[in-house]
Amino acid sequence: MKIALIGVGNLGLSIAKGLVDQTNFDVEQLVLTKRNVSNLDGWKKHPHVLVTPSNIDAVRASDIIILCVQPSQINTILNEIKDELDEKRHLLISTITGRKIQDIADVIGKKVAIIRSMPNTAISVRESMTCLSTNANGKAKIGLAEEIFNAMGETMVIDENKMQAATVVCASGIAFWMRLIRATTQGAIQLGFDAPDAKEMATQACLGAATLLLESGNHPEEEIDRVTTPMGCTISGLNEMEHEGMSSALIKGLMKSYEKISQIMIEK
Ligand SMILES: NC(=O)C1=CN([C@@H]2O[C@H](COP(=O)(O)OP(=O)(O)OC[C@H]3O[C@@H](n4cnc5c(N)ncnc54)[C@H](OP(=O)(O)O)[C@@H]3O)[C@@H](O)[C@H]2O)C=CC1
Ligand SMILES: O=C(O)[C@@H]1CCC=N1
């Protein structure tokens with residue numbers, strides 16, 4: 001595959017790392033673009049990676065173009081590359097928050113296959129939960145998008161009208177889970193562990209909980225029931241957390257995050 005990543009910042013670099021580390025398919029060429037490429041020198045040593053500030057060169061050299069710029073930057077890029085886009089050759093994959101497939105199609109003015117994706121930064125370690133949606137023009141290429149993102153984690157094809165919700169749960173979700181792990185680390189330090197040990201304990205406990213659910217298919221409460229000894233320490237801690245509003249705070253945070261995406265959608 002010949003892939004271009006346009007706008008390699010936080011997410012673009014994570015995808016680049018995931019792509020070069022995955023082994024499911026050959027990346028014949030990977031083109032990375034950003035305006036200031038000085039921090040991408042390390043990438044030049046990769047055999048199939050080309051670094052360039054030219055989005056047009058990237059589109060000419062690639063079949064699959066993954067757009068990773070901020071929402072406010074996307075229209076400039078689309079206007080810059082639209083004349084180079086070929087309806088038969090190119091697949092455009094957007095990672096842009098709050099931008100509909102139709103918004104992109106309207107700027108391009110061509111029937112190029114467009115797929116909207118929502119990966120997260122764990123794509124760098126091939127553990128992303130990536131949601132995908134498409135419209136009629138992109139349907140024939142949804143399998144190709146699944147192949148790409150399945151090599152770097154899990155994928156789920158969803159209706160486009162659920163993409164904002166998926167952004168909050170899966171992409172922002174990385175930050176939310178990080179904060180929970182950090183809070184657990186702080187608690188462990190207060191209980192007497194040094195910071196590195198506390199972080200390792202919190203992180204492995206989190207991985208263990210997630211793996212239990214993934215491998216058993218159980219509901220979280222079923223696994224909680226196995227841990228909570230009657231009159232024991234776990235239920236005491238858990239109930240105190242709920243009295244302090246833990247579940248409520250998380251749900252309210254997800255709703256606030258969702259509200260913000262509606263605002264991003266208006267700010268074109
Ligand atoms: N960060 C995340 O976890 C996730 C982000 N997203 C979405 O991905 C997109 C990118 O987010 P994120 O990576 O955090 O943002 P960043 O700001 O980190 O990255 C955007 C990159 O685009 C480059 N850029 C800006 N203008 C141009 C241009 N004209 N041509 C080429 N490159 C350009 C910038 O570099 P330079 O200034 O050098 O050009 C920058 O490195 C957003 O739309 C976001 O909503 C989606 C899921 C998760
Ligand atoms: O915070 C944001 O707006 C983007 C979308 C999801 C992750 N980062």
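**Exercise 1. How do the residues of the shell around ligand 2 divide into nonpolar, polar and charged?**

Before we start: this is a predicted model, where local features need pLDDT of at least 70, side-chain atom pairs count only at pLDDT 80 or more, and totals for chains, interfaces and linings use all residues. Residues are numbered from 1 along each chain as its sequence is written, chains are lettered from A and ligands numbered from 1 in the order in which they are written, and side-chain values use heavy atoms, with hydrogens and water left out.

*Step 1.* List the neighbours, meaning residues with a heavy atom within 4 Å: Thr 97, Thr 167, Ala 171 and Ser 172.

*Step 2.* See how covered the ligand is: the protein buries 46% of the 250 Å² that ligand 2 exposes when taken alone (Shrake-Rupley method, 1.4 Å probe).

*Step 3.* Sort the neighbours. Ala, Val, Leu, Ile, Met, Phe, Trp, Tyr, Cys and Pro count as nonpolar, Asp, Glu, Lys and Arg as charged, and the others, Gly among them, as polar. That gives one nonpolar, three polar and no charged.

**Exercise 2. Describe the surroundings of ligand 1.**

*Step 1.* Count the shell: 23 residues surround ligand 1, and the closest are Leu 11, Arg 35, Val 69, Gln 70 and Thr 97.

*Step 2.* Sort them by class: ten are nonpolar, eleven polar and two charged.

*Step 3.* Look for polar contacts, pairs of N or O atoms within 3.5 Å. Gln 70 has a polar side-chain atom 2.6 Å from an oxygen atom of ligand 1. For the side chain of Thr 97, an N or O atom is 2.5 Å from a ligand oxygen, and for Thr 95 that distance is 3.5 Å.

*Step 4.* Check the cover: on its own ligand 1 has 880 Å² of accessible area, and the protein covers 82% of it.

**Exercise 3. Find out how many disulfides there are, and look at Cys 170 and Cys 206.**

*Step 1.* Recall that a disulfide is a covalent bond between the sulfur atoms of two cysteines. The test here is a pair of cysteine sulfur atoms within 2.5 Å.

*Step 2.* Search the whole structure: you get zero disulfides.

*Step 3.* Take Cys 170: its nearest cysteine sulfur, in Cys 131, is 4.3 Å away. Cys 170 is buried (under 20% relative accessible area, 1.4 Å probe, protein chains only), at 14%.

*Step 4.* Take Cys 206: the closest cysteine sulfur, in Cys 170, is 15 Å away, so that's too far for a bond. With 26% relative accessibility, Cys 206 is partly exposed (between the 20% for buried and the 50% for exposed).

Technical notes. A polar contact is a pair of N or O atoms within 3.5 Å; within protein, one must be able to donate a hydrogen and the other to accept it, and residues adjacent in sequence count only if both atoms are side-chain atoms.
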